[in-house]
Amino acid sequence: MSSSEIESQLSAVQHRAADDINAAAGLEELDKVRVKYLGKKGDLSKVLGGMGKLSAQERPKIGKLANEAKTALQSQIEQRKEDLQSAQIRAQLESETLDVTMPGVYQPQGRIHPINSIIDQITDIFVGLGYTVAQSQEIESDYYNFEALNFLPDHPARDMQDTLYLPGGQLMRTHTSNTQIRYMENNQPPMRVLASGRCYRRDTVDATHSAVFHQIEFFAVDKDITFTDLRGTVQLFLEALFGEIEVRFRPSYFPFTEPSAEVDVRWQGQWLEVMGCGMIDPNVLKAVGCDPEEYSGFAAGLGVERLAMVQSKIDDIRRLYKSDLRFLRQF
Ligand code: DAH
């Protein structure tokens with residue numbers, strides 16, 4: 001191949017390359033064009049392959065032309081690359097422009113159910129007092145729901161709670177007090193524990209009763225725990241939940257506490273019972289292998305629905321379980 005042939009081929013390659021560079025619609029395509037012309041086996045190399053046969057005088061001239069062609073292609077590619085990139089950014093900016101005059105899209109927002117909300121609030125208060133949060137099962141044996149809590153087999157106190165029994169002798173727990181036994185069996189005092197969860201009773205459903213409801217249980221066991229500690233804790237807790245409020249203790253009876261009390265708060269001019277409590281009965285401590293001569297403790301249980309109804313001014317417990325959005329949206 002003569003030097004003039006190589007020259008004209010070089011210029012042909014340059015023209016074709018320029019067309020291809022301009023036609024490349026994207027960065028990937030542009031890179032293919034680069035490889036096609038400037039790559040090791042690209043068109044430019046192919047043309048220069050013929051240089052070997054040139055005379056010593058012609059070679060430098062063609063070499064220089066080839067270098068110029070290469071640099072020119074490189075800068076054309078670079079320029080095209082910049083153009084493509086800025087076009088891409090412009091397109092993106094255009095497509096992402098906000099039309100603030102367009103009507104909005106309705107995004108329904110979920111809310112915390114009044115029951116979960118009050119459980120959260122109470123949990124926060126007790127965690128602030130250093131309590132541990134525990135859980136236990138809803139399907140329970142007679143032992144954990146009654147026997148270990150000092151309900152003797154024929155104890156009339158079992159009639160206080162209408163129990164749902166399952167085939168095989170298991171039952172649905174009637175209160176969260178089973179957590180006391182399950183937790184104390186596996187942990188050593190000192191302990192301060194809070195547990196919340198569902199409970200079940202064979203109650204006829206009406207405005208204030210539900211067969212499934214929630215309780216919160218809290219208890220503390222240590223050396224020298226007294227009824228004063230219980231009173232102080234209950235007072236502090238109720239004030240944290242309701243603000244300044246009048247609190248009253250009434251003597252009561254529970255098999256698992258001695259002495260026992262029920263607690264009322266003065267709410268809208270009336271005394272309203274909010275929880276049962278007492279000093280953990282020595283028999284309960286013995287059942288979990290804890291020496292009542294060395295340790296003492298208090299325990300309390302409260303009905304969550306009752307508190308939620310008071311706090312959110314709800315007149316019928318059944319509203320809490322019917323997922324009626326018109327009702328739930330108010331909270
Ligand atoms: N378990 C009782 C109930 O369901 C509530 C209760 C009363 C729990 C006194 C306690 C307690 O821990 O000390 O009616």
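**A ligand in the largest pocket**

The ligand takes up the space of the largest pocket. The model is a predicted one, and the account below starts with this site before turning to the rest of the chain.

Around the ligand sits a shell of 16 residues, and the closest of them are H175, R201, Q215, E217 and A299. Sorted by class, the shell comes out as nine polar, five nonpolar and two charged residues. As for where these residues come from, three strands each put in at least two: β5 (212–222), β8 (270–280) and β9 (296–303). Q215 and E217, both among the closest residues, fall within the 212–222 range of β5. A299, also one of the closest, falls within the 296–303 range of β9.

Three side chains come up when the polar atoms of the site are considered. R201 places a polar side-chain atom 2.8 Å from an oxygen atom of the ligand. For Q215, an N or O atom of the side chain is 2.9 Å from a ligand oxygen atom. H175 deals with a nitrogen atom of the ligand instead: the distance from that atom to an N or O atom in the H175 side chain is 3.0 Å. How much of the ligand does the protein bury? On its own the ligand would expose 350 Å², and 92% of that is buried by the protein.

Stepping back to the whole chain, the domain assignment splits it in two, with domain 1 running over 3–95 and domain 2 over 114–328. The C-alpha centres of domain 1 and domain 2 are 83 Å apart. H175, R201, Q215, E217 and A299, the closest residues to the ligand, have numbers that fall in the 114–328 range of domain 2.

A few backbone details round off the picture, starting with two cis peptide bonds. One of them runs from P189 to P190, where omega is near 5°. P190 belongs to the loop that links α7 (178–186) to β4 (191–200). The other cis bond joins E258 to P259, with omega at about -5°. Here the setting is a strand, as P259 is placed in β7 (residues 257–267).

Then there is N150, a residue other than glycine that nonetheless has a positive phi, near 75°. Where does N150 sit? N150 is found in the loop between α6 (142–145) and β3 (171–172).

Notes:
Residues are numbered from 1 along each chain as its sequence is written. This is a predicted model: local features need pLDDT of at least 70, side-chain atom pairs count only at pLDDT 80 or more; totals for chains, interfaces and linings use all residues. Side-chain values use heavy atoms; hydrogens and water are left out. A residue is near a molecule or strand if one of its heavy atoms lies within 4 Å of it. A polar contact is a pair of N or O atoms within 3.5 Å; within protein, one must be able to donate a hydrogen and the other to accept it, and residues adjacent in sequence count only if both atoms are side-chain atoms. Accessible areas come from the Shrake-Rupley method with a 1.4 Å probe; for residues, only the protein chains shown count as cover. On a 1 Å grid over the protein atoms alone, a cavity is a set of points where a 1.4 Å probe fits but cannot get out, and a pocket is an open set with protein on both sides within 12 Å along at least five of seven lines; lining residues have an atom within 4 Å of a point. A molecule sits in a cavity or pocket if more than half of its atoms lie within 2 Å of its grid points. Helices (H or I, at least four residues) and strands (E, at least two) are DSSP runs, numbered from the N terminus. Ala, Val, Leu, Ile, Met, Phe, Trp, Tyr, Cys and Pro count as nonpolar, Asp, Glu, Lys and Arg as charged, and the others, Gly among them, as polar. Domain bounds come from an automatic or database domain assignment.
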